[in-house]
Amino acid sequence: MKNIVVICENIQSAEAIKSAGQELGINVVCEIQENFKIQNEISETEIRKACAVLFVISFEVEDIEKIERFIDCEYYEVEPKYVINDAKSVIKEIMEEIN
């Protein structure tokens, strides 16, 4: 099973992407960074096992807390509204680029 690590700025996008991942057979591990505070921090091990990192944010990637954890990771960036509206398409597009 493929693993994706996702950093979300809100719970709605985290729930949407997790649900879509389940439906598509992709293991999605989410961390929420709301108001520049990390909730349920993703471990280094989970990051290294992931085939991709997805930032679901409306701010700059450089403003991610503890951004250094993602150095050398294949990453993608999308605004929360796209994940909330159609998370499956976002995951499918990432998987197509990886394969």
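Here are some informal notes on this predicted model, covering its helix α3, aromatic pairs, salt bridges and one lysine.

1. **The bend in α3.** Start with helix α3, which runs over residues 80–98. A straight helix of 19 residues would span 27 Å at 1.5 Å a residue, yet the end C-alpha atoms of α3 are only 21 Å apart. The helix has a kink of about 110 degrees, and the kink is centred on D86. If you plan to treat α3 as a rod in any analysis, those are the numbers to look at: 21 Å for the span and about 110 degrees for the kink.

2. **The buried side of α3.** Which residues of α3 are buried? They are P80, V83, A87, V90, I91, I94 and M95. The cover over these residues includes β1 (3–8) and α1 (11–24), along with β2, β4 and β5.

3. **A bridge between α1 and α3.** The side chains of E23 and K88 meet in a salt bridge, with 2.7 Å from N to O. E23 sits in helix α1 and K88 in helix α3, so this pair ties together parts that are 65 residues apart in sequence. How accessible are the two ends? E23 has a relative accessibility of 53%, so E23 counts as exposed. K88 comes out at 33% and is partly exposed. Helix α1 thus turns up twice for α3: it is part of what covers the buried residues, and it supplies E23 for the bridge to K88.

4. **The other salt bridges.** The structure holds five salt bridges. One of them joins R69 and E41, where the closest N and O atoms are 3.8 Å apart. This pair links distant parts of the chain: R69 is in the loop between β4 and β5, E41 is in the loop between β3 and α2 (44–49), and their positions lie 28 residues apart in the numbering. Is R69 buried or exposed? R69 is buried, at a relative accessible area of 4%, whereas its partner E41 is partly exposed at 42%. Both belong to a network of salt bridges that links E31, E41, K66 and R69.

5. **A bridge inside α2.** E44 forms a salt bridge with R48, and here the closest N and O atoms are 3.6 Å apart. Both residues lie in helix α2, four residues apart, which is about one turn of the helix. E44 has 41% relative accessibility and counts as partly exposed; R48, at 48%, also counts as partly exposed.

6. **Aromatic pairs: the tilted one.** How many aromatic pairs are there? The count comes to three. F36 and F59 form a tilted pair, 5.9 Å centre to centre with 50 degrees between the planes. The pair links distant parts of the chain, with F36 in the loop between β2 (27–34) and β3 (37–39) and F59 in the loop between β4 (52–56) and β5 (75–78), 23 residues apart. F36 is exposed, with a relative accessible area of 52%, while F59 is partly exposed at 22%.

7. **Aromatic pairs: the edge-to-face one.** F55 and Y75 make an edge-to-face pair, with 5.4 Å centre to centre and 65 degrees between the planes. F55 lies in strand β4 and Y75 in strand β5, so the pair ties together parts that are 20 residues apart in sequence. The two rings have unlike surroundings: F55 is buried at 1% relative accessible area, but Y75 is partly exposed at 44%. Both also belong to one aromatic cluster, which is made up of F55, F70 and Y75.

8. **K18, for completeness.** K18 lies in helix α1. At 40% relative accessibility, K18 counts as partly exposed. What does K18 contact, leaving aside its neighbours within four places in sequence? The contacts are V28 and C30. As for S58, which is 40 residues from K18 along the chain, the C-alpha atoms of the two are separated by 19 Å.

How values were computed
Residues are numbered from 1 along each chain as its sequence is written. This is a predicted model: local features need pLDDT of at least 70, side-chain atom pairs count only at pLDDT 80 or more; totals for chains, interfaces and linings use all residues. Side-chain values use heavy atoms; hydrogens and water are left out. Rings of Phe, Tyr and Trp (its six-membered ring) pair if their centres lie within 6.5 Å; planes under 30 degrees apart count as stacked, over 60 as edge-to-face and the rest as tilted. Helices (H or I, at least four residues) and strands (E, at least two) are DSSP runs, numbered from the N terminus. Buried means under 20% relative accessible area, exposed over 50%, partly exposed in between (1.4 Å probe, protein chains only). The expected span of a helix is 1.5 Å times one less than its number of residues. The bend at a residue is the angle between axes fitted to the seven residues ending there and the seven starting there. Contact means heavy atoms within 4.5 Å. A salt bridge is a side-chain nitrogen of Lys or Arg within 4 Å of a carboxyl oxygen of Asp or Glu.
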